[in-house]
Amino acid sequence: MWRALARRVGRQCSVPPPKGAEGQLRLRRGRAWRASASASAASWGLLRAPPSPSPLLLLARKAAPPQAASVPARHWCSHPPHQKVPLPALSPTMQMGTIARWEKKEGDKINEGDLIAEVETDKATVGFESLEECYLAKILVPEGTRDVPIGAIICITVDKPELVDAFKNYTLDVAATAPPASVPPPPPSPPPPSPAAPPTPGAQPSAQAPGSSYPPHMQIALPALSPTMTMGTVQRWEKKVGEKLSEGDLLAEIETDKATIGFEVQEEGYLAKILVAEGTRDVPLGTPLCIIVEKESDIPAFADYRDAGVADTKPPMPPPPPPSPMVGATTPSPPQPVAAPSARGPAHKGRIIASPLAKKLAAEKGIDLSQVKGSGPDGRITKKDIESFVPSKVAPARAVEPTPAAVPAPAPAAAIPTGVFTDIPISNIRKVIAQRLMQSKQTIPHYYLSIDINMGEILVLRKELNQEMPQNTKLSVNDFIIKASALACMKVPEANSSWLDTVIRQNHVVDVSVAVSTPVGLITPIVFNAHIKGLASINQDVVALAAKAREGKLQPHEFQGGTFTVSNLGMYGIKNFSAIINPPQSCILAVGTSERRLVPADNEKGFDVASVMSVTLSCDHRVVDGAVGAQWLAEFKKFLEKPATMLL
């Protein structure tokens, strides 16, 4: 009777029990019926009457497993309902990725938009977010696994937390066999990584072999440190392999297209491997620079680590060619043959390493850096080395001949380049300066307006205010010029605008870019909100920014942007000049020196002697018409000739 009943149920009932409260109620009824089935035959009629087949189906599965299992095989699986999450293409050119870090643990609830993992692509490290609510049941690809193909199953998610335990023993073998059976399209979809496909059929762990041989780690790629940066030069590593890294520590100095910027560490760890050596030029964005691990014990595992992408950055080693003429140049200086080799030791294959401040001091004093022995890390020449170089090197030169020898001593230093010419390598900063200036002159219709300004009252006011200022703070004429420029931009907002091809953006705040000359090129740090700042605050900003610019320590946000530029060459005695507009800005003010001139006056003589300064405003005719530029200069002149109007 039992077997006949089971065969009957197997033929008529091939549908799984319904879900929800109704299904659970039927299951409970089935259990109660099965428990009392042996009590009396009368209960058969009572339980056969309901249309629900659930108790019969349960009975059939218990009585005749072979027949019942064979019919509904595609409805009853070994694991509860789940979702297999494949590795998506997180960039247009991505073919495979590295699981840098899992942000969720097995069993954690994942809300819509939550970060599941950080995936290192061919461009950057990108967060992989969840598109729906679920629970992380199983992680199939551990942290640090490299070269995971697109479409590979990286984890399993379920809808209910009670289903997580069912995937505790879920292995990669199941993930490797399940996709071909249920989802045939994904395997043909990634044809590019077909070479990596042959090892995977054998076993999924073989695809993990490259990553599994290394402990969990992070590849630090070269980021874009400025909007126009496409490549950079690794000037100097501030940390050595094995050193501990704390959040905010300076990891390396990177020469971008704008300046030399410090690259800071974003999280704690240990520097396990440096992949790009110091002095490597033209390193593309996204190139791995180094390896960081969380545990100090993992550092030795990366001693022989090599990255295929870094191999391309090592062949271009232009530092050796330039020093070859330098070596030849140092050899003809017989008075100090020992100083040249001593400087070559820390120069790293001919390249002299010196801080920006040391280079500036050496240029001012006429000191050849190749003759200075650096006392800093790796032979780096510092400010102290330049200051101490003069007494140690000048003394022997004077000992030869008291006064006549003093003249030849600087002569060989100036005559070191012995050839007809010297080829100076072009830095990234100089390249970008050339490109942007060429772009500005070729694409922006410049016109120029000049005016003379009586600076008498400004000079008197400056003298009075400096008497009230602290001894270590003195206002400069340039501070008044920046303030007057900002206020004039508020009066004539057309001059505080930018050409953006499709629109003209009129800015409501005035961020004045101040041109600063550095040993490596021109840079324009920004005095933000100059229209609402006082003279003392502007002075502090300019002094601090100029010092950081000359030392190469400006952060990108300190020189990127700006709405108006001031370039002052008055301290060099230049009377007037025309500056080139810094796009996308529309105006730049060129400031000359103040000089004593005769000016008309209502007195017995009919004239007076005044300090007059000439300024020239360069305007973009697409944005600022001639009359508007003239109006701006009139406002600017009024603020300087009557400083009290700045208070209105």
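Leaving aside its neighbours within four places in sequence, which residues is Thr524 in contact with? Select Thr524 in this predicted model and display what surrounds it: apart from those sequence neighbours, its contacts are Ser513, Val514, Ala515, Glu558, Phe559 and Asn582. Thr524 sits in the loop between β22 and β23, the latter being residues 526-527. Is Thr524 buried or exposed? Its relative accessible area is 17%, and because buried means under 20%, Thr524 counts as buried.

Next, step back along the chain from that loop and select strand β22, residues 521-523, which gives the most to the lining of the largest cavity, with three residues. To find the centre of this cavity, select Ala259, Ile429, Thr518, Val520 and Ala549, which lie nearest to that point among the twelve lining residues. The volume of the largest cavity is about 60 Å³, and if you colour its lining by class you should find seven nonpolar residues, four polar ones and one charged one. Across the model, the count of cavities of 30 Å³ or more comes to six.

From the cavity, move on to the largest nonpolar core, which has 69 residues. Within this core, select Ile254, Leu289, Leu589, Trp632, Phe636 and Leu640, the members that touch the most other members. Then add helix α17, residues 477-491, because the largest share of this core, eight residues, comes from that helix. A second core, separate from this one, has 19 residues, and Met94, Ile99, Val141 and Ala152 are among them. In soluble globular proteins, nonpolar side chains tend to be buried together.

Return now to the larger core and centre the view on Phe636. Which residues does Phe636 touch, not counting those up to four places away in sequence? With those set aside, the residues touched by Phe636 are Ile453, Ile481, Ala484, Ser485, Ala488, Leu589 and Val615.

Finally, zoom out until the whole protein chain is in view and switch to a cartoon display, where the secondary structure comes to 19 helices and 26 strands. Colouring by burial would mark 42% of the 648 residues in the chain as buried. If you draw the contacts with a separation of 6 or more, 65% of them are accounted for by residues 24 or more positions apart. With the surface switched on, the accessible area of the protein chain comes to about 34900 Å², and carbon and sulfur atoms hold 57% of it.

Definitions and conventions: Residues numbered from 1 in each chain as written. Predicted model: local features only at pLDDT ≥ 70, side-chain atom pairs only at ≥ 80, totals over all residues. Heavy atoms only, no water. 1 Å grid on protein atoms, 1.4 Å probe; cavity = no way out; pocket = protein on both sides within 12 Å on 5 of 7 lines; lining within 4 Å. Points joined across faces, edges and corners; volume = space filled by probe spheres on them. Helix = DSSP H or I, 4+ residues; strand = E, 2+ residues; numbered from the N terminus. Nonpolar A, V, L, I, M, F, W, Y, C, P; charged D, E, K, R; others polar. Buried < 20%, exposed > 50% of the residue type's maximum accessible area, 1.4 Å probe, protein only. Contact = heavy atoms within 4.5 Å. Areas by Shrake-Rupley, 256 points an atom, 1.4 Å probe, with all protein chains shown as cover. Core = buried A, V, L, I, M, F, W, Y, C linked by side-chain atoms within 4.5 Å.
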